[in-house]
Amino acid sequence: TPPLQPFAIRFGADNATLEPQGPTLQRRMSDLEGLFADRRAWEQAVADGDPVVYTVVSSPVPETARELPQSITTIFPGDTGGEFWMTKGHQHPDPQGEIYLGLEGHGGLLLFDGERAEWLDISPGVIGYIPPGWAHRSVNVGDEPYRFLAVYPGSAGHDYGWVLTHGMGLRARRSADRVELVPFGTP
Ligand code: M6P
Ligand code: ZN
């Protein structure tokens, strides 16, 4: 594929869209099988309307080598069995970095390199840096939609199986009025 020509990309209303826009996707609860600690609660949520947990809108920049795609992810507020709603999370098959810029709401960026887990609070105006080799998952810890802009190398790729095999080190649980980070194995 030849490189793109220069062009401007604008945030749409409420920072929810990019214009021009490329591919979009919606992930429902049923797409998050095996990710929440409480499987019964997950099954109940799927049976109980299978809500949209998050959406991703991308700019038209393709996921190809040397290009630099961007996307806005919106995670809706909620918890399943006490675990805050979150993205599937992935590792880059080609270890390359990525940044997340907080746009709306209050979230967290969970990072795991297979041994160490880190948690970054992300609010509007904060950039979370994802170094090469760290799997990453975003979590909405607030009561409104959490949105962030992601910018990532087009050849990084998405490995979802890695997270199913290795976990993410920590889970983010609702505890009274705050976030409780618990070890991954804790039910
Ligand atoms: C961000 C980026 C995307 C990713 C999306 C959803 O926008 O990191 O590459 O696809 O979040 O996360 P996931 O792929 O883990 O569902
Ligand atoms: Zn990524």
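**Close-up views of the predicted model**

**View 1. Strands β5 and β13 side by side.** Here β5 (residues 70-75) and β13 run antiparallel, joined by six bridges. To find your way in, look for Ile75: its opposite number in β13 is Tyr146. Keep in mind that this is a predicted model throughout.

**View 2. Strand β13 and its wrapping.** Strand β13 covers residues 146-151, and six of the six are buried, so the rest of the structure largely encloses this strand. Which residues point which way? Tyr146, Phe148 and Ala150 go one way from β13, while Arg147, Leu149 and Val151 go the other, and all of them are buried. That fits the usual pattern: in a regular strand, side chains alternate between the two faces of the sheet. Note that Arg147 is on the list of buried residues too.

**View 3. β13 with strand β8.** Strand β13 also pairs with β8 (residues 98-104), again in the antiparallel sense, this time over five bridges. Glu104 is a handy landmark, since Arg147 of β13 stands opposite this residue. So β13 has pairing with β5 as well as with β8 to show for itself.

**View 4. The open sheet β10-β9-β12.** Three strands make up this open sheet, in the order β10-β9-β12, with antiparallel pairing. At the edges sit β10 (117-122) and β12 (135-140), each of which pairs on one side only. Going from one strand to the next, the twist averages 20 degrees. Zoom in on β9 (residues 107-112) and you'll find six bridges tying this strand to β10, the two running antiparallel. One register marker is Leu111, whose bridge partner in β10 is Glu118.

**View 5. Ligand 1 and its surroundings.** How many residues surround ligand 1? There are 16 of them, and the closest are Tyr54, Thr73, Glu98, His158 and Tyr160. Two of these names tie back to earlier views: Thr73 falls within β5 (residues 70-75), and Glu98 within β8 (residues 98-104).

**View 6. Polar contacts to ligand 1.** Three side chains are worth picking out here. For His158, a polar side-chain atom lies 2.7 Å from an oxygen atom of ligand 1. Tyr100 has a side-chain N or O atom 2.8 Å from a ligand 1 oxygen. With Ser71, the distance from a side-chain N or O atom to an oxygen atom of ligand 1 is 2.9 Å. As for overall cover, ligand 1 on its own has 370 Å² of accessible area, and the protein covers 96% of that.

Methods:
Residues numbered from 1 in each chain as written. Chains lettered and ligands numbered in written order. Predicted model: local features only at pLDDT ≥ 70, side-chain atom pairs only at ≥ 80, totals over all residues. Heavy atoms only, no water. Buried < 20%, exposed > 50% of the residue type's maximum accessible area, 1.4 Å probe, protein only. Helix = DSSP H or I, 4+ residues; strand = E, 2+ residues; numbered from the N terminus. Pairing = 2+ DSSP bridges. Axes fitted to C-alpha atoms, helices over the stretch in contact; angles between N-to-C directions. Near = heavy atom within 4 Å. Polar contact = N/O pair within 3.5 Å; in protein donor to acceptor, adjacent residues only side chain to side chain. Areas by Shrake-Rupley, 256 points an atom, 1.4 Å probe, with all protein chains shown as cover.
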